[in-house]
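Please read the following explanation with the sequence and the structure side by side. It begins with a local detail and then widens to the chain before returning to individual side chains.

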Amino acid sequence: MKRTRSKSKSSGIREEFNSITKEQKKNDRKKLYNILKNFKWQLFLLVFTTAIIAAQASVVPKIIQILIDKYLNREIVDPITHISTTVPLVSKELQIAIGFVIGLLGLVLVKAAATWVGSYNMRRFQQAIDMRFKEEIFAKFLKVKVGYYDKENEGFFVSRMINDSNVVG
C-alpha cells in the first residue's frame with residue numbers, strides 16, 4: 001500500500017500564494033497606490049526627515065575633523081631643525097573652536113528633532129494604513145453570507161483580521 005504524503009498547512013499557503021495571477025498583483029498594487037495617495041504629505045515628511053538625519057550623520061564627522069586638524073592641533077615647524085611642536089590655542093582660534101562646538105550641538109539638536117518628527121510621523125502613518133486595511137477586511141466580512149459565520153469560531157475572524165493587518169503593517 002502506497003503512503004501518500006499529506007500537504008502541510010505551510011505548503012498549501014505557499015501554493016495559494018504562488019497561484020496569484022499577474023492581474024491580481026496589478027490590482028493589489030493599484031489598491032496600495034490608492035491608499036498611499038491619501039498620505040502624500042506624511043510620506044514626504046518621512047523622506048525629508050530621513051534626508052536630514054542622513055545629512056547630519058555625514059556632516060558632523062567632517063566638522064569634527066576640521067576642528068581637530070585646524071584649530072586644536074596647531075603645529076609649528078622649526079625652520080632650522082624641522083621639528084614640529086604643538087602650540088596651545090590662542091584666543092581667536094579658541095573662539096572659532098567654541099563656535100564649532102556650538103554648531104555641533106545645534107546639529108545634534110536638529111538631528112534629535114528630525115528623528116522625533118520622523119518616528120512620530122511613521123507611527124501615525126503605520127496606524128492609518130493599519131486602520132485602512134482593517135476597514136477593508138471588515139467590509140469584506142460584512143459581504144460574506146451569514147451561514148459562513150455559523151461554521152467558524154467567532155474569535156477566528158477577529159484574530160484573522162488583527163493578524164493579517166499586523167503582517168501587512
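**A walk through the predicted model**

K134 has a relative accessibility of 24% and therefore counts as partly exposed, where buried means under 20% relative accessible area, exposed means over 50%, and partly exposed is what lies in between (1.4 Å probe, protein chains only). This is a predicted model, in which local features need pLDDT of at least 70 and side-chain atom pairs count only at pLDDT 80 or more, while totals for chains, interfaces and linings use all residues. Residues are numbered from 1 along each chain as its sequence is written, and side-chain values use heavy atoms, with hydrogens and water left out.

K134 forms a salt bridge with D130, and the closest N and O atoms of the two are 3.3 Å apart; the term stands for a side-chain nitrogen of Lys or Arg within 4 Å of a carboxyl oxygen of Asp or Glu. D130 is itself buried, at a relative accessible area of 17%. Both D130 and K134 belong to helix 4, where they are 4 residues apart, about one turn of the helix. A search of the whole structure finds 1 salt bridge.

Turning to the chain as a whole, the secondary structure comes to 6 helices and 2 strands, taken as DSSP runs numbered from the N terminus, with helices (H or I) of at least four residues and strands (E) of at least two. Along the sequence these elements follow the pattern α-α-α-β-β-α-α-α. The protein chain has 169 residues, of which 15% count as buried, and it exposes about 14000 Å², with carbon and sulfur atoms supplying 63% of that area; accessible areas come from the Shrake-Rupley method with a 1.4 Å probe, and for residues only the protein chains shown count as cover. Among contacts (heavy atoms within 4.5 Å) between residues at least 6 apart in sequence, 68% join residues at least 24 apart.

In soluble globular proteins, nonpolar side chains tend to be buried together. Here the largest nonpolar core has 6 residues, namely I35, F39, L46, F125, I129 and F133, to which helix 4 (residues 91–143) gives the most, with 3 residues. Such a core is a set of buried Ala, Val, Leu, Ile, Met, Phe, Trp, Tyr and Cys residues joined through side-chain atoms within 4.5 Å. Among the core members, I129 touches I35, L36 and F39 when residues up to four places away in sequence are not counted.

Polar side chains are buried as well. N121, in helix 4, is buried with a relative accessible area of 4%, and, leaving aside neighbours within four places in sequence, N121 is in contact with Q42, L45 and L46. Q56, in helix 3, is likewise buried, at 7%, and beyond its neighbours within four places in sequence Q56 is in contact with L107, V108 and K111. K111 lies in helix 4 and is partly exposed, with a relative accessible area of 33%; with residues up to four places away in sequence not counted, K111 touches I53 and Q56. The C-alpha atoms of K111 and T50 are separated by 9.6 Å, although these residues are 61 apart along the chain.

Helix 3 (residues 40–72) also holds F44, which leads to the surface. W41, F44, L45 and F48 form a nonpolar patch there, with about 490 Å² of accessible area together; patches are made of residues with over 30% relative accessible area and no salt bridge, like charges being joined within 9 Å and nonpolar side chains (Val, Leu, Ile, Met, Phe, Trp, Tyr) within 5 Å. W41 counts as exposed because its relative accessibility is 71%, whereas F48, at 44%, is partly exposed.

How many aromatic pairs are there? Rings of Phe, Tyr and Trp (its six-membered ring) pair if their centres lie within 6.5 Å, with planes under 30 degrees apart counted as stacked, over 60 as edge-to-face and the rest as tilted, and by this rule the count comes to 3 aromatic pairs. The rings of W41 and F44 have centres 6.0 Å apart and planes at 85°, so this pair is edge-to-face. The rings of F44 and F48, by comparison, have centres 6.1 Å apart and planes at 15°, so they are stacked. W41 and F44 are 3 residues apart in helix 3, and so are separated by about one helical turn, while F44 and F48 lie 4 residues apart in helix 3, about one turn of the helix. Ring pairs thus link W41, F44 and F48 into a cluster.
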